[in-house]
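Colleague: I have just opened this one and could use a guided tour. Could you take me through it slowly?

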Amino acid sequence: MTAREPEALILPRRFLRICRAQKKTQKVADSTGVALTGEQLLLRTLIVRRLLARILSADEKYVGLLLPPSVPAVVANAALPLLGRVAVNLNYTVSGEIMNSCIAQCNLRHILTSRRVLEKFKFEFDDRVQLVYLEDFKDQIRLSDKLLAGVQAFATPVGLLERQLGLTRLKGSDLIAIVFTSGSTGEPKGVMLSYDNIGSNVAAIDQIVNLKASDTLLGILPFFHSFG
């Protein structure tokens, strides 16, 4: 798969193939010391996908995330498209009023977060929102989750896995994420980003910067930021 092929812009499909091809290569790390290779990242993402499938309603399209740039945030953002959901990374530096405005605009029912984040940023959320703490996931993982995710990650042909997860039905115009504006001209507005939007940005950066396998890309901006 090359950046010129349409499938390369469908990031979940590209994610699966890169993790498979570079399974022993370190792919993500954060300042807490957590680091994952391609195969570890894929396995954790598929496990989290299964956990989220038990929590989210069938008709729940948009899912909030309130997380700093970190390995858990990467895993959560990678798992949601594998469930056909749209990630809404929320700005944890805004006021409670603006936060709840963003939640209402997307009709969010669940927000993926951590207790450490909420200890630092105090919010009073709308009663209709349920908070999901990622640190609680480790106690919710079943043996079946590990086994089935392991089969998907290591034994299932990638083309078959894409079909199993419904990724072959995705189109470039489908939404992958919503990012809110800063609200400098009033109430923040949700910017709807498609697979083509973000995929073309990834392809453009790859062509201009020409990253090599030996390079490390340092991400310092939060995922709710347009450059994040």
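Modeller: Gladly, and one term first: contact here means heavy atoms within 4.5 Å. Please keep in mind that this is a predicted model.

Colleague: Okay, so what do the buried residues of helix 4 pack against?

Modeller: The buried residues of helix 4 (96-106) pack against strand 3 (62-65), strand 4 (86-89), strand 5 and strand 7.

Colleague: And which residues of helix 4 are buried?

Modeller: Met-99, Ser-101, Cys-102, Ile-103 and Cys-106 are the buried ones in helix 4. Just after that helix comes Asn-107, which takes a positive phi of about 50°.

Colleague: Switching to the sheet, what is the order of its strands?

Modeller: It is an open sheet of six strands in the order 6-5-3-4-7-8, and the pairing is mixed. Strand 6 (130-133) and strand 8 (190-194) stand at the edges with a single partner strand each, so one side of each has no neighbour in the sheet. On average, neighbouring strands of this sheet are turned by 25° against each other, if direction is ignored.

Colleague: How many bridges join strand 7 to strand 8?

Modeller: Five bridges join strand 7 to strand 8, and these two strands run antiparallel. Within this part of the model, Val-179 stands opposite Val-191 in strand 8. Helix 4 also packs on the sheet, touching strand 3, strand 4, strand 5, strand 7 and strand 8, and its direction makes about 150° with that of strand 7.

Colleague: What about helix 3, which strands does it lie across?

Modeller: Helix 3, residues 71-82, lies across strand 3, strand 4, strand 5 and strand 7, and it runs at about 175° to strand 3.

Colleague: New topic: where is Ser-114 found?

Modeller: Ser-114 is found in the loop between strand 5 (110-113) and helix 5 (115-120).

Colleague: Why does Ser-114 count as buried?

Modeller: Ser-114 counts as buried because its relative accessible area is 14%, and buried means under 20%. Leaving aside residues up to four places away in sequence, Ser-114 touches Leu-66, Leu-67, Tyr-133 and Glu-135.

Colleague: Last thing, how much space lies in the second largest pocket, and what lines it?

Modeller: About 160 Å³ of space lies in the second largest pocket. Its lining is made by 14 residues, and those nearest its centre are Asn-91, Phe-180, Thr-181, Ser-182 and Phe-224. Helix 4 and strand 7 (175-180) are the elements that give two or more residues to this lining. By class, the lining has eight nonpolar, six polar and no charged residues.

Note on methods: Residues are numbered from 1 along each chain as its sequence is written. This is a predicted model: local features need pLDDT of at least 70, side-chain atom pairs count only at pLDDT 80 or more; totals for chains, interfaces and linings use all residues. Side-chain values use heavy atoms; hydrogens and water are left out. Helices (H or I, at least four residues) and strands (E, at least two) are DSSP runs, numbered from the N terminus. Buried means under 20% relative accessible area, exposed over 50%, partly exposed in between (1.4 Å probe, protein chains only). On a 1 Å grid over the protein atoms alone, a cavity is a set of points where a 1.4 Å probe fits but cannot get out, and a pocket is an open set with protein on both sides within 12 Å along at least five of seven lines; lining residues have an atom within 4 Å of a point. Grid points are joined across faces, edges and corners, and a volume is the space filled by probe spheres set on the points. Ala, Val, Leu, Ile, Met, Phe, Trp, Tyr, Cys and Pro count as nonpolar, Asp, Glu, Lys and Arg as charged, and the others, Gly among them, as polar. Two strands pair if DSSP finds at least two bridges between them. Axes are lines fitted to C-alpha atoms, for helices over the stretch in contact, and angles run from 0 to 180 degrees between N-to-C directions.
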